[in-house]
Amino acid sequence: MKKCDKVISVKDLTKKFGNFTAVDHITFDVQKGEIFGFLGANGAGKTTAMKMLCGLSRPSSGSATVANYDISTQGEEVKRHIGYMSQKFSLYEGLRVDENIKLFSTIYGMTDDMIKSASDRLYKSLNMEGMKKTLVKDLPVGWKQKLAFAVSTIHNPEVVFLDEPTGGVDPVTRRKFWELIYKASEEGMTVFVTTHYLDEAEYCNRVSIMVDGKISALDSPKALKEKFNVATMDEVFRIVAKDAIRED
Amino acid sequence: MKIRILKALLCKEIALMRRNPIIPKMIVAMPLMVMLVLPLVANLDVRNVGVTIVDNDRSQLSRRIIYDIQMATSLTVTKVCDTHNEAMLTVENGKADVILTIPPDYSKLLLSGGSKVDIEANGVNATKGMLGANYVAQSVAGTLKQWREEMGVDLTPETEKVSVLNKYNPTLNFRNYMIPALMVVLLIIICGFVPTLNLVNEKETGTIEAMNVTPVSRFIFVLSKLIPFWVVGLFVITVGMLIGRLVYGLTPHGNILAIYCATILFSLVMSGLGVAIANNSSTMLQSIFVMFAFIMVFQLMSGLFTPIRSMPEWAQCVTYAIPPRYYIEIMRSIYLKGTPVSELWQPYTILFIFAVSFSIIAAMTYKKQS
């Protein structure tokens with residue numbers, strides 16, 4: 001991992017809603033191929049920050065580049081090079097699995113041949129060959145999450161943003177989901193993930209902890225545990241987030 | 001490339017619409033219901049006017065007047081009374097709309113010098129009162145004319161005899177006026193509401209976010225929301241025309257292609273408006289409420305039910321800004337008069353301008369970034 005390979009570079013990024021500062025001058029970098037954990041209590045501003053990086057929300061001040069494109073001026077270019085999986089399941093429930101894949105990959109400008117080989121690979125890796133023609137609303141939650149991840153990375157983006165991807169998913173499926181994340185990361189994709197499960201934070205190369213719109217801690221899980229002299233990320237989180245004022 | 005993306009988005013819209021448990025049924029059932037039932041019900045023709053007669057004359061002539069009223073198509077004799085008070089009672093309890101008072105010795109006075117009958121109408125329902133009184137007056141005049149001819153005195157000079165010929169709707173059937181209007185109502189409702197609810201639904205379920213995070217151009221995305229309603233609009237109009245023909249025997253006198261062309265433009269106007277409203281609403285409730293406000297004005301101020309020329313002047317000016325006004329004008333002209341398109345270039349042009357600008361507004365108000 002070279003220092004110069006910054007995929008995400010954030011400087012003083014701020015988002016205000018009226019008098020409320022949801023994200024307050026955050027600054028950090030994410031390296032290529034890294035799994036970057038973005039932790040924080042409810043209402044700390046994680047989703048808002050992520051939405052700014054994805055070009056869904058306009059920053060109030062500060063700047064950031066994602067995949068070398070400026071999020072303020074080149075929003076649409078950023079979108080071409082990222083994948084995003086929202087907190088809310090957001091594939092079309094009324095479309096079949098193959099129809100969802102076709103729709104999103106066409107939007108990313110993939111040709112029919114590319115779509116075919118990408119979706120064959122996807123079905124195989126997810127073991128979904130028998131479900132191509134199933135309506136997405138009829139899939140179990142775990143499958144839906146895996147499919148949403150696969151669709152958000154179908155165009156092989158440089159960065160994928162995952163907003164609480166494993167919310168409401170059982171431990172076994174969670175484990176499998178993280179295997180997908182590792183695989184993507186091994187293939188060189190940068191993964192930017194928010195989560196409330198602190199065991200998942202241990203899987204990340206580095207984590208940041210947001211408290212009341214600011215980043216209060218940022219390092220590898222190992223370094224953070226050493227710094228606070230505790231055994232688990234859970235304890236790290238408790239110590240860092242204990243002064244949080246905001247509540248959901 | 002862009003065409004491919006548009007095609008993929010259209011496939012998505014069509015698949016979702018087709019699989020929706022309610023929308024396709026509504027698109028079929030609503031035109032059927034409206035076209036089969038409403039032309040029979042929504043009728044401004046005044047029929048069954050109840051007439052109470054105070055007959056103070058009790059002559060052969062007065063009995064003839066009563067008989068002729070009884071025979072007239074739109075009039076019914078509710079009661080023949082002796083006193084005016086008694087007659088008023090029938091109006092007050094809603095049984096009669098018009099009172100005809102025949103004065104004592106009417107037939108004698110009429111021959112010697114002249115006398116007048118008295119017609120009073122209940123004005124609570126202004127149209128019914130006015131027309132009812134008119135019908136009674138006509139009926140009485142008819143009886144008198146005949147009676148005079150029989151008696152050998154024709155007092156009406158030849159020049160005053162008028163013969164009326166109603167063009168384009170020869171039987172003055174209100175239904176013929178309403179059928180094109182009802183199709184417009186259907187289009188306003190279906191092509192206005194469905195795209196609005198469709199887009200707000202994407203906001204509520206969160207799928208819009210998945211779209212906004214892709215590089216899809218907002219013009220293409222909005223187009224994919226508008227185009228399906230050309231098809232829906234054409235379908236609705238086709239159903240309307242078929243029922244108009246099969247059930248009511250009303251066939252368009254003009255070019256059907258011209259009707260379809262205007263329909264595409266108008267469905268674009270309505271769905272563009274719908275998308276623009278959806279862009280500015282975050283919940284279905286909000287969007288429905290706003291859409292209703294527009295639909296109210298569109299229906300009542302566009303000349304659908306009440307002629308624009310009888311509106312106050314300021315309101316007539318406002319109607320120029322109401323797109324359905326032009327569509328209705330085109331529909332009625334082609335349907336009832338068979339007007340050629342060349343004479344309707346003005347409403348077509350204006351409708352076209354509205355269609356383009358509403359589509360642009362729909363695309364401009366669609367924000368991929370908040």
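**Figure 1. Salt bridge between A:R96 and A:E99 in the predicted model.** A:R96 and A:E99 form a salt bridge (a side-chain nitrogen of Lys or Arg within 4 Å of a carboxyl oxygen of Asp or Glu), with 3.7 Å between the closest N and O atoms. A:R96 is partly exposed at 22% relative accessible area, whereas A:E99 is buried at 19%. Buried stands for under 20% relative accessible area, exposed for over 50% and partly exposed for values in between, with a 1.4 Å probe and protein chains only. The whole structure holds 29 salt bridges over all chains. The model is predicted: local features need pLDDT of at least 70, side-chain atom pairs count only at pLDDT 80 or more, and totals for chains, interfaces and linings use all residues. Residues are numbered from 1 along each chain as its sequence is written, chains are lettered from A and ligands numbered from 1 in the order in which they are written, and side-chain values use heavy atoms, with hydrogens and water left out.

**Figure 2. Salt bridge between A:K225 and A:E202.** The N to O distance of this pair is 2.7 Å. A:K225 belongs to helix α8 (residues 221–228) of chain A and A:E202 to the loop between α7 (198–201) and β9 (206–211) of chain A, so the salt bridge ties together parts 23 residues apart in sequence. Helices (H or I, at least four residues) and strands (E, at least two) are DSSP runs, numbered from the N terminus. A:K225 is buried, with a relative accessible area of 18%, and A:E202 is partly exposed, with 32%.

**Figure 3. Salt bridge between B:K225 and B:E13, and a salt-bridge network.** The side chains of B:K225 and B:E13 meet at 2.7 Å, N to O. B:K225 is in helix α9 (residues 218–226) of chain B and B:E13 in helix α1 (residues 2–19) of chain B, which links distant parts of the chain, 212 residues apart. Both B:K225 and B:E13 are buried. Elsewhere, A:R96, A:D98, A:E99, A:K133 and B:R19 are joined into one network by salt bridges that share partners.

**Figure 4. Helix α1 of chain B and its surroundings.** The end C-alpha atoms of α1(B) are 26 Å apart, which agrees with the 26 Å that its 18 residues should span at 1.5 Å a residue. The expected span is 1.5 Å times one less than the number of residues. Buried residues of α1(B) include B:I5, B:L6, B:L9, B:L10, B:E13 and B:M17. Among the elements that cover the buried residues of α1(B) are α3 (97–107) of chain A and, from chain B, α2 (23–41), α7 (174–205) and α10 (228–246); contact here means heavy atoms within 4.5 Å.

**Figure 5. Open sheet of 6 strands in chain A.** The strand order is β6-β7-β8-β3-β9-β10, with mixed pairing; two strands pair if DSSP finds at least two bridges between them. At the edges stand β6 (82–85) and β10 (214–219) of chain A, each with a single partner strand, so one side of each has no neighbour in the sheet. The twist averages 15 degrees from one strand to the next. Angles run from 0 to 180 degrees between N-to-C directions, and axes are lines fitted to C-alpha atoms, for helices over the stretch in contact. Strand β6(A) runs parallel to β7 (residues 159–163) of chain A, joined by 4 bridges, and A:I82 has A:V159 as its bridge partner in β7(A). Helix α1 (residues 46–53) of chain A lies across β3 (35–40), β6, β7, β8 (190–194) and β9 of chain A, at about 155 degrees to β7(A). Helix α9 (residues 233–241) of chain A lies across β3, β9 and β10 of chain A and runs at about 30 degrees to β9(A).

**Figure 6. Open sheet of 4 strands in chain B.** The order is β2-β1-β3-β4, and the pairing is mixed. The edge strands β2 (75–81) and β4 (118–121) of chain B each pair on one side only. Over 5 bridges, β1 (residues 49–55) and β3 (residues 98–102) of chain B pair in the parallel sense; in β3(B), B:T101 is the bridge partner of B:V54. Helix α3 (residues 60–71) of chain B lies across β1, β2 and β3 of chain B, running at about 145 degrees to β2(B).

**Figure 7. Positive phi at A:N229 and B:R58.** A:N229, not a glycine, has a positive phi of about 60 degrees. A:N229 lies in the loop between α8 and α9 of chain A and is exposed, with a relative accessible area of 69%. B:R58, also not a glycine, has a positive phi of about 55 degrees and is found in the loop between β1 and α3 of chain B.
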